[in-house]
Structure formats: structure tokens, C-alpha cells
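This report introduces a structure to a reader who has not met it before. It begins with the overall fold and then turns to a pair of packed helices and to some individual residues.

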Amino acid sequence: MLRPLNLSVRWPMDKGESILYRTHQSWKLTIAAGGILISAALMYVAVLRINDFPTKEYLGVAGGLVSLLSFVFPLAAIRCPKCGSHWLWLAATQRQLTWYRWLLSQSACPKCRTSPSTAAT
Ligand SMILES: [Zn+2]
């Protein structure tokens with residue numbers, strides 16, 4: 001009989017130990033997720049107004065720009081306060097599908113091994 005996995009199995013590490021949370025940078029991922037939702041809403045409204053020139057073009061371009069910024073901003077902004085390495089980029093280029101789990105499992109900078117408690121923020 002199969003039992004559901006509990007949270008300790010799915011999340012091998014407490015979020016509070018992650019460099020992402022200890023350096024108070026998780027809000028950057030939240031902003032990115034919000035931007036993606038706003039982008040989707042803008043694109044949806046553009047499709048609804050498909051016969052409304054030039055509104056649909058403006059909405060489509062705005063949605064595309066918001067979407068692009070939602071990906072570029074966290075890639076550039078989530079970084080080590082000590083050495084400046086881009087942690088989200090490192091997570092995204094890992095040979096794993098679970099980039100978020102990899103990012104949360106890091107308790108020190110993967111490049112310079114500085115613990116956030118000793119890094120100047
Ligand atoms: Zn570092």
C-alpha cells in the first residue's frame with residue numbers, strides 16, 4: 001500500500017537554511033512569478049481584443065516585455081552578496097530538472113562557499 005510522501009521527504013532542507021531565504025532574496029522570485037502572471041493577463045486581453053488595432057499590438061508588446069523582464073530580473077538580481085555569482089543562473093544551468101530544489105538546498109554560496117551569515121549584504 002502506497003503512502004503519500006511527507007514534507008520532509010519532498011523538501012530535504014528547511015527553507016530557512018537556504019541561501020535564498022537567509023539573504024532575503026526570495027522576494028525576487030515572487031516578483032518574477034507575479035510578472036509572469038501579469039504578462040499572461042496582458043496577452044489574454046490582447047487575444048480578446050484581436051480586432052482592436054492598435055490596442056492588441058500594445059498589449060502584446062507589453063506582455064512580451066513584462067514576460068522578458070520576469071525572466072531576466074531574477075537571473076540578474078539573485079546573487080551572492082560576497083562574490084556576485086548569479087545563484088539562479090547557476091541553479092538553472094544544473095543538469096537537474098529541479099532547479100528550485102537545488103537552489104533551496106544550498107546553505108552557502110556554491111562559488112565562494114561563503115555562508116550568508118558571514119557575508120555582508
Ligand atoms: Zn559567493
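Helices are DSSP runs of H or I with at least four residues, and they are numbered from the N terminus. In these terms, Arg 113 belongs to the segment that follows helix H6 (99–105).

**Overall fold**

The model described here is a predicted one. The protein contains six helices and zero strands, and when it is read along the sequence its pattern is α-α-α-α-α-α. Of its 121 residues, 17% count as buried. Among the contacts in the protein with a separation of 6 or more, 60% are between residues that stand 24 or more positions apart.

**The pair H3 and H4**

Two packed helices are described by the angle between their axes and the distance between the axes. For helix H3 (residues 26–48) and helix H4 (residues 55–77), the axes come within 8 Å and cross at roughly 165 degrees. Angles over 145 degrees count as roughly antiparallel, and H3 and H4 are therefore roughly antiparallel to each other. The crossing of H3 and H4 is left-handed.

Many residues take part in this contact: on the side of H3 they include Leu 29, Ala 32, Ile 36, Ser 39, Leu 42 and Val 45, while on the side of H4 they include Leu 59, Gly 63, Val 66, Ser 70, Phe 73 and Ala 77. Sorted by class, the contact of H3 with H4 has 16 nonpolar, six polar and two charged residues.

The span of H3, which has 23 residues, is 34 Å from its first C-alpha to its last, close to the 33 Å expected at 1.5 Å a residue. H4 has 23 residues as well, which at 1.5 Å a residue should span 33 Å, and the 32 Å between its end C-alpha atoms agrees with this.

The buried residues of H3 are Ala 32, Ser 39, Leu 42 and Ala 46, and what covers them includes H4. In H4, the buried residues are Leu 59, Gly 63 and Pro 74, and their cover includes H3 together with helix H5 (87–92).

**Two residues of H4**

Is Gly 63, with its 20 C-beta neighbours inside 10 Å, buried or exposed? A residue is buried if 20 or more other C-beta atoms lie within 10 Å of its own, and Gly 63 therefore counts as buried, with 20 such neighbours. Gly 63 has its place in helix H4, and, leaving aside neighbours within four places in sequence, it is in contact with Ser 39, Leu 42, Met 43 and Ala 46. Ser 39, Leu 42 and Ala 46 are themselves among the buried residues of H3.

Phe 73 is also placed in helix H4, but this residue is partly exposed, with 16 other C-beta atoms within 10 Å. When residues up to four places away in sequence are not counted, Phe 73 touches Lys 28, Ile 31 and Ala 32.

The table lists C-alpha distances for pairs of residues, together with their separation along the chain.

| Pair | Separation in sequence | C-alpha to C-alpha distance |
|---|---|---|
| Gly 63 and Val 45 | 18 residues | 9.7 Å |
| Phe 73 and Leu 29 | 44 residues | 9.0 Å |
| Tyr 100 and Leu 88 | 12 residues | 8.6 Å |

Tyr 100, which appears in the last row, is found in helix H6, where it is partly exposed, with 13 other C-beta atoms within 10 Å.

**Backbone details**

Where does Pro 54 lie? Pro 54 is found in the loop between H3 and H4, and the peptide bond that joins Phe 53 and Pro 54 is cis, with omega about 5 degrees.

Two further residues are described by their phi angles. His 24 is not a glycine, yet it has a positive phi of about 55 degrees, and it lies in the loop between helix H2 (19–22) and H3. With 11 other C-beta atoms within 10 Å, His 24 is exposed. Arg 113, in the segment after helix H6, likewise has a positive phi, of about 60 degrees, although it is not a glycine. Arg 113 is exposed, with 10 other C-beta atoms within 10 Å.

Conventions. Residues are numbered from 1 along each chain as its sequence is written. This is a predicted model: local features need pLDDT of at least 70, side-chain atom pairs count only at pLDDT 80 or more; totals for chains, interfaces and linings use all residues. Axes are lines fitted to C-alpha atoms, for helices over the stretch in contact, and angles run from 0 to 180 degrees between N-to-C directions. Helices (H or I, at least four residues) and strands (E, at least two) are DSSP runs, numbered from the N terminus. Angles under 35 degrees count as roughly parallel, over 145 as roughly antiparallel, 65 to 115 as roughly perpendicular and the rest as oblique. A crossing is left-handed if the near helix is turned anticlockwise from the far one by less than a right angle, and right-handed if clockwise. Two residues are in contact if their C-beta atoms, placed from the backbone, lie within 7 Å. Ala, Val, Leu, Ile, Met, Phe, Trp, Tyr, Cys and Pro count as nonpolar, Asp, Glu, Lys and Arg as charged, and the others, Gly among them, as polar. A residue is buried if 20 or more other C-beta atoms lie within 10 Å of its own, exposed if 12 or fewer, and partly exposed in between; C-beta atoms are placed from the backbone. The expected span of a helix is 1.5 Å times one less than its number of residues.
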